[in-house]
Amino acid sequence: MDARKTKSRAAIVAAFSELLREEDYGKITVGDIIVRAHVGRATFYGLFKSKDDLLSELVSDICTHALDDDGTPLDDPLVQVEHILNNLWDRRQGVRALVAGAGSRVFADCLRKTIMSRAAETIPTDPNGPAATMDRSFLLHHIASSFVGMVQWWAWHNFQADKAEVAKDYLSATKPLFN
């Protein structure tokens, strides 16, 4: 991507992130985003299909931080979960607004898809324990849905629970599937 597109993309993401802290997702329009980002409508649609597509990329970016520099998933599930929670914590105002507002379904769907993709990369195709007898698609969906539920619970409780404890609790609920 050329420098101009990179700069426009960064401006759009920053504008959208700011708007999420100020306004309910359902009330934010593409027009609001482009005005705040100082870009044209064609520039926006040249980079993103829709506001939902922009949200999906934002959620994916948050979760991407659970990867090593070379793009390989980290080996330790606790480190992966903590990395994602740290990134959600850094964006907690916007995340809280998404979880509580009109964008809650879109946010949950984007987060679930991203976590399913990450889980597919890290969970062995022939796992041990009860997971070995489960349909892989169901297993990945279950893990991702549990993750989404954990994030929602955390946001509903104003992110008061310690990130490390939330990560440990999540893994305590999912690891028995692999023993």
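This is a walk through the helices, salt bridges and ring contacts of a predicted model.

Start at helix α1. Asp2 caps its N-terminal end. A side-chain oxygen of Asp2 lies 3.1 Å from the backbone nitrogen of Arg4. The helix runs over residues 3-22. Its length can be checked against expectation. With 20 residues at 1.5 Å a residue, α1 should span 28 Å. The C-alpha atoms at its ends are 29 Å apart, so the two values agree. Several residues of α1 are buried: Ser8, Ile12, Ala15, Phe16, Ser17, Leu19 and Leu20. Two serines, Ser8 and Ser17, are on that list.

Now look at the end of α1. Glu22 forms a salt bridge with Arg36. The closest N and O atoms of this pair are 2.8 Å apart. What does the pair tie together? Glu22 belongs to α1, while Arg36 belongs to helix α2, residues 30-37, so the bridge joins parts that are 14 residues apart in sequence. The two partners fall into separate accessibility classes. Arg36 has 30% relative accessibility and so counts as partly exposed. Glu22, at 53%, counts as exposed because the cut-off for that class is over 50%. Glu18 also takes part here. Together, Glu18, Glu22 and Arg36 make up a network of salt bridges.

How many salt bridges does the structure hold? There are seven. Two of them sit within helix α7, which covers residues 104-122. One links Arg112 to Asp109, with closest N and O atoms 2.9 Å apart. These residues are three apart in α7, so about one helical turn separates them. Arg112 has a relative accessible area of 18% and is therefore buried. Asp109, at 25%, is partly exposed.

The other α7 bridge joins Glu121 and Arg118. Here the closest N and O atoms are 3.6 Å apart. Again the spacing is three residues, about one turn of the helix. Is Arg118 buried or exposed? At 15% relative accessibility, Arg118 counts as buried. Its partner Glu121 stands at 44% and counts as partly exposed. In each of these α7 bridges, then, the arginine is buried and the acidic residue is partly exposed.

Turn to the aromatic rings. The structure holds seven aromatic pairs. A ring pair is described by the distance of the centres and the angle of the planes. Take Phe44 and Tyr45. Their ring centres are 5.1 Å apart and their planes meet at 85 degrees, so the pair is edge-to-face. Phe44 is buried, with a relative accessible area of 0%. Tyr45 is partly exposed at 41%. Trp154 and Phe159 give another edge-to-face pair, because their planes stand at 70 degrees, with centres 4.8 Å apart. In this pair, Trp154 is buried at 1% relative accessibility, and Phe159 is buried at 2%. Back at Phe44 and Tyr45, ring pairs bring in Phe48 as well, and the three form a cluster.

Rings also meet charged side chains. Lys51 lies over the face of Tyr25, at 4.2 Å from the ring centre. Arg92 takes up a place over the face of Trp89, at 3.8 Å from the ring centre.

Two helices remain on this walk. Helix α5 spans residues 77-90 and contains Asn87. Asn87 has 10% relative accessibility, so this polar residue counts as buried. What does its side chain reach? The side chain of Asn87 contacts the backbone oxygen of His83 at 2.8 Å.

Helix α6 covers residues 92-100. Its buried residues are Gly94, Val95, Leu98 and Val99. Why do they count as lying on the same side of α6? They cover an arc of only 130 degrees around the axis, and this places them on the same side. Gln93 and Ala100 are exposed on the other side of α6.

Technical notes. Residues are numbered from 1 along each chain as its sequence is written. This is a predicted model: local features need pLDDT of at least 70, side-chain atom pairs count only at pLDDT 80 or more; totals for chains, interfaces and linings use all residues. Side-chain values use heavy atoms; hydrogens and water are left out. A salt bridge is a side-chain nitrogen of Lys or Arg within 4 Å of a carboxyl oxygen of Asp or Glu. Helices (H or I, at least four residues) and strands (E, at least two) are DSSP runs, numbered from the N terminus. Buried means under 20% relative accessible area, exposed over 50%, partly exposed in between (1.4 Å probe, protein chains only). Rings of Phe, Tyr and Trp (its six-membered ring) pair if their centres lie within 6.5 Å; planes under 30 degrees apart count as stacked, over 60 as edge-to-face and the rest as tilted. A charge sits over a ring if NZ of Lys or CZ of Arg is within 6 Å of the ring centre and within 35 degrees of the ring normal. A polar contact is a pair of N or O atoms within 3.5 Å; within protein, one must be able to donate a hydrogen and the other to accept it, and residues adjacent in sequence count only if both atoms are side-chain atoms. The arc is that of the directions from the helix axis to the C-beta atoms. The expected span of a helix is 1.5 Å times one less than its number of residues.
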